[in-house]
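Here is a chance to go through a model and ask what stands behind each label. Let's take the questions one at a time.

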Amino acid sequence: MGNDVLQIVVLLGWLILAAGAFASFRLDWRSGLRLALVWAAIFTGLAIVISMIV
């Protein structure tokens with residue numbers, strides 16, 4: 001259980017770090033949302049391809 005809490009804390013730290021890096025680009029909300037959707041589509045497509053291979 002202690003390890004699970006540590007993983008959540010570390011993942012939240014990475015999320016804060018990524019959000020800070022993203023905010024430093026000072027994009028408007030529309031561009032930011034589009035960029036996030038493109039990355040989500042890339043990762044989803046990659047996960048589907050890998051799951052079909054394995």
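Q: Why is L35 called partly exposed, rather than buried or exposed?

A: This is a predicted model, and in it L35 has a relative accessibility of 35%. Buried would need a value under 20% and exposed one over 50%, so L35, at 35%, counts as partly exposed. The residue sits in helix 2. Its C-alpha atom is separated by 14 Å from that of S24, eleven residues apart along the chain.

Q: What makes L12 partly exposed?

A: The relative accessibility of L12 is 46%. Since partly exposed covers what lies between under 20% and over 50%, L12 gets that label at 46%. L12 belongs to helix 1. Between the C-alpha atoms of L12 and S51, 39 residues apart along the chain, there are 27 Å.

Q: How do you know that D28 is partly exposed, and where is D28 found?

A: D28 has a relative accessible area of 46%. Exposed requires over 50% and buried under 20%, so D28 is partly exposed. You will find D28 in the loop between helix 1 and helix 2.

Q: Why is the pair D28 and S31 called a polar contact?

A: The side chains of D28 and S31 are joined at 2.7 Å. A polar contact asks for N or O atoms within 3.5 Å, one able to donate a hydrogen and the other to accept it, so the pair at 2.7 Å carries that name.

Q: What makes up the lining of the largest pocket, by class?

A: The lining has eight nonpolar, one polar and two charged residues. Among the lining residues are F22, R26, D28, W29, G32 and W39. Asp and Arg count as charged and Gly as polar, so R26 and D28 fall in the charged class and G32 in the polar one.

Q: Which helices supply at least two residues each to that lining?

A: Helix 1 (2-23) and helix 2 (29-53) both do. Helix 2 gives the largest share, with six residues. The volume of this pocket is about 180 Å³.

Q: How do you know that the radius of gyration is not that of a compact globule?

A: For 54 residues, a compact globule would come near 10 Å, whereas the protein has 15 Å. The C-alpha atoms fill a box of roughly 40 × 35 × 10 Å along the principal axes. The secondary structure is two helices and zero strands.

Q: What share of the residues is buried?

A: Buried residues make up 2% of the 54, with buried meaning under 20% relative accessible area. The protein exposes about 5,200 Å², and carbon and sulfur atoms supply 77% of that.

Terms used:
Residues numbered from 1 in each chain as written. Predicted model: local features only at pLDDT ≥ 70, side-chain atom pairs only at ≥ 80, totals over all residues. Heavy atoms only, no water. 1 Å grid on protein atoms, 1.4 Å probe; cavity = no way out; pocket = protein on both sides within 12 Å on 5 of 7 lines; lining within 4 Å. Points joined across faces, edges and corners; volume = space filled by probe spheres on them. Helix = DSSP H or I, 4+ residues; strand = E, 2+ residues; numbered from the N terminus. Rg over C-alpha atoms; globule rule 2.2 N^0.38 Å. Buried < 20%, exposed > 50% of the residue type's maximum accessible area, 1.4 Å probe, protein only. Areas by Shrake-Rupley, 256 points an atom, 1.4 Å probe, with all protein chains shown as cover.
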